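Trainee: Before I accept the contact terms used for this structure, I would like to see how each one is earned.
Mentor: Then we take them one at a time.

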Amino acid sequence: MNEIHVRLPDGKTLALPKGASVLAVAEKIGPGLAKAALAGKVNGKLTDLRVALDADVEVSIVTARDPEGAEVLRHSAEHVMADAVKRLFPQVQIDVGRTDHSEKFQYDFLIERPFGPEDLVAIEAEMEKIVKAKQPFVREIVTREAAKKLFSERGEMLKVSRIDDIPTDAEISIFRQGDFIDLCRGPHVQRTDQIGAFRLIDVSGSYWRGDERNPMLQRIYGTAFADKKELVAYLERIEEAKKRDHRRLGPALDLFHLDPISPGSPFFHAKGMIVYNQLVAYMRELYVRYGYDEVMAPLIFNTDLFKTSGHYENFKDDMFLFPSHETEMGLKPMNCPGHAMMFGMRKRSYRELPLRLAEFSRLHRNERAGALQGLTRVRSFAQDDAHIFCRPDQVESELTQFFQMLREVYTTLCLDNVSVAVSTRGERFIGAPERWDIAEKRLVEACRAAGYEPAIKKGEAAFYAPKVEVDVTDVLGRVWTLGTVQLDMAMPERFGLKYITDEGSEGTPEMLHRAILGSLERFFAIYLEHTEGDFPLWLAPVQIVVLPITDRHHAYAQKVEQTLRAAGLRAQVDLRNEKLGYKIREAELHKTPIMAVVGDQEEANGTIAPRRRHDSSESSATSLEALVAELQREVADRRSLNRSRGGTQDLSS
RNA sequence: GCCGACGUAGCUCAGCUGGUAGAGCAGCUCAUUCGUAAUGAGCAGGUCAUCGGUUCAAAUCCGAUCGUCGGCUCCA
């Protein structure tokens with residue numbers, strides 16, 4: 001048997017000698033394809049072109065046109081960058097590179113002096129030379145000993161250490177390109193010139209092996225595409241994200257601001273508070289329907305409480321603690337211990353369960369300075385937080401109900417790109433491992449029952465509970481974790497929580513921690529960027545602005561404003577001495593959903609001329625009553641703009 | 001907390017190798033009374049993040065601190 005059969009995507013089969021490379025398949029199909037080939041896919045798995053085939057397989061050839069192609073050429077760009085760095089700075093030791101799915105690649109270097117922006121320019125120029133030289137990538141299989149010898153001779157001690165990470169039964173491959181050699185699984189492009197366009201983006205420090213006790217390496221980030229056009233499009237997308245940055249939009253739209261006088265603690269302005277409070281009001285409305293009881297526990301506790309919960313031990317350094325009358329007090333960083341106390345303050349009957357305690361209190365966490373980021377990582381925040389105490393046999397239906405409520409909220413907010421993950425027990429945990437296994441399984445099952453196949457994040461759980469994380473993808477394709485539900489393994493026992501069962505015995509309740517929007521501050525930021533400030537009518541700080549054409553119409557305009565306000569609409573009137581076009585422009589820039597133009601005709605007929613945000617088509621005059629009724633309906637329905645499909649402005653009710 | 005970059009008027013930014021701070025927008029005043037994304041003119045606005053050092057002289061050079069940004073680590 002010296003022949004193998006290779007099946008192609010179009011169903012055809014090619015016969016090749018055993019041991020033929022993936023590239024040989026491409027050559028057999030055609031010289032054009034062979035030249036354009038970046039990698040192969042063997043039985044669906046991305047494979048280097050130089051890999052030998054020794055059995056019957058399905059093969060497809062990956063070119064720049066395939067999404068995987070970009071990943072391959074970015075990986076090769078990573079090597080070219082490391083090569084360029086070694087050429088310019090022979091004293092550096094290379095660690096490893098990485099190509100993630102966010103269109104970026106990176107490579108870590110050990111060097112005494114940090115890289116600066118000027119270095120990036122020089123490295124980029126050196127990379128350009130390597131790319132122009134059309135150097136081939138050569139793959140070699142080596143033994144573990146040969147690999148170690150090779151890299152220690154080259155002074156690459158970090159690499160030698162990385163070789164030890166490779167499982168003993170795995171094949172060790174290296175790639176050469178020019179004088180550069182790297183330990184690498186591949187796949188790689190054939191020649192450096194197949195990397196069409198690249199750009200180095202940034203440099204930062206990163207700990208070796210991700211451990212902050214280790215020395216810091218210099219990490220360079222870059223991106224690469226098959227051609228210049230795609231690179232430009234990528235850079236434009238970055239610009240777009242900058243335009244939507246909540247740290248820019250927030251102050252510009254008069255929603256909030258941050259000040260060094262209290263790092264990580266936002267000042268919410270009147271307009272921001274409307275959005276914030278509307279979100280809270282919406283959750284409260286759902287709490288009535290879903291059977292939650294809103295409560296309010298203290299903000300400050302004797303730290304004994306956090307010792308009981310275990311948070312003190314785990315998060316002491318990140319809490320605001322202070323002495324008071326000989327005792328140590330602390331600002332609460334989460335609601336669960338307070339709710340556990342509220343549950344335990346008297347004897348509970350099984351008839352009271354499930355007991356769902358919700359709270360919107362402010363929480364304070366003394367986040368490390370470097371961790372702060374706009375509203376997405378703050379020191380002072382509130383959550384749409386709740387803890388559910390229930391009997392063991394009620395856990396399943398509670399999880400079902402949670403997913404149901406979550407889906408309702410996300411649908412209302414038009415966040416329809418949802419995925420979930422289950423985080424499992426990590427190194428730090430409390431409770432019995434066997435119980436963790438059961439809880440993790442239940443969470444996975446609950447996700448499936450809700451129609452989501454969860455990804456598994458190993459070791460990512462909170463110290464007291466495995467958790468489900470619910471992620472949404474925003475208009476720019478960024479993924480954010482919003483909702484979470486955790487099945488607690490420890491708190492009820494630590495607090496000695498009991499209830500009397502229907503048989504008169506004592507039982508320990510199960511405790512679920514859950515949030516749907518998560519940190520309201522963070523959600524605010526994410527939603528602001530997602531919508532670019534174009535809030536749906538029910539959330540818009542100013543829903544309608546009345547625009548009189550001249551000061552002749554001021555009295556009528558003010559009457560209209562009063563009528564709108566009396567109808568419960570957040571209306572304003574623009575009485576400034578400006579032309580209509582100017583006022584419309586201002587209202588557009590402030591993202592006001594509805595403008596009501598009033599002039600001679602409207603005043604004479606008792607009407608208004610409405611205009612929707614982003615809609616310059618002239619609309620006919622409407623009676624005030626009709627407009628009020630329409631807007632009230634839109635608010636009551638909490639209608640949103642659906643922007644997940646191309647950002648269209650159609651109302652999806 | 002660690003690595004790097006940055007910090008000039010409310011905002012966006014000029015200000016070359018040291019010689020005493022400038023524009024546009026926003027704000028205020030006046031004129032204009034105007035029909036769907038910017039009417040015109042004028043006025044005012046800054047301890048150049050803070051503190052210290054070098055110098056005859058510092059927004060500019062050096063150091064420290066604070067803050068912000070991009071990462072790392074962390075994220076109850």
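**Contacts with the RNA**

Mentor: In this predicted model, an N or O atom in the side chain of Lys467 is 3.3 Å from a phosphate oxygen of RNA strand B.

Trainee: What makes the pair formed by Lys467 and RNA strand B a polar contact?
Mentor: A polar contact is a pair of N or O atoms within 3.5 Å. The Lys467 pair is at 3.3 Å, so the pair counts.

Trainee: Which side-chain atoms of Arg247 face a phosphate oxygen of RNA strand B, and at what distance?
Mentor: An N or O atom of the Arg247 side chain is 3.0 Å from that phosphate oxygen. Since the limit is 3.5 Å, this is therefore a polar contact.

Trainee: Why is the pair between Gly370 and a base nitrogen of RNA strand B called a polar contact?
Mentor: On the Gly370 side the atom is a backbone N or O, and the distance to the base nitrogen is 3.3 Å. Both atoms are N or O and the value is within 3.5 Å, so the term applies.

Trainee: Which residues come nearest to RNA strand B?
Mentor: Of the 58 residues around the strand, they are Ser204, Tyr207, Glu212, Asn577 and Arg585. Sugar and phosphate account for 49% of the RNA strand B atoms that come within 4 Å of the protein.

Trainee: How do the residues of that surface divide by type?
Mentor: There are 21 nonpolar, 16 polar and 21 charged residues.

Trainee: How much of chain A is buried?
Mentor: Of its 653 residues, 51% are buried, and each of these has under 20% relative accessible area.

Conventions
Residues are numbered from 1 along each chain as its sequence is written. Chains are lettered from A and ligands numbered from 1 in the order in which they are written. This is a predicted model: local features need pLDDT of at least 70, side-chain atom pairs count only at pLDDT 80 or more; totals for chains, interfaces and linings use all residues. Side-chain values use heavy atoms; hydrogens and water are left out. A residue is near a molecule or strand if one of its heavy atoms lies within 4 Å of it. A polar contact is a pair of N or O atoms within 3.5 Å; within protein, one must be able to donate a hydrogen and the other to accept it, and residues adjacent in sequence count only if both atoms are side-chain atoms. Ala, Val, Leu, Ile, Met, Phe, Trp, Tyr, Cys and Pro count as nonpolar, Asp, Glu, Lys and Arg as charged, and the others, Gly among them, as polar. Buried means under 20% relative accessible area, exposed over 50%, partly exposed in between (1.4 Å probe, protein chains only).
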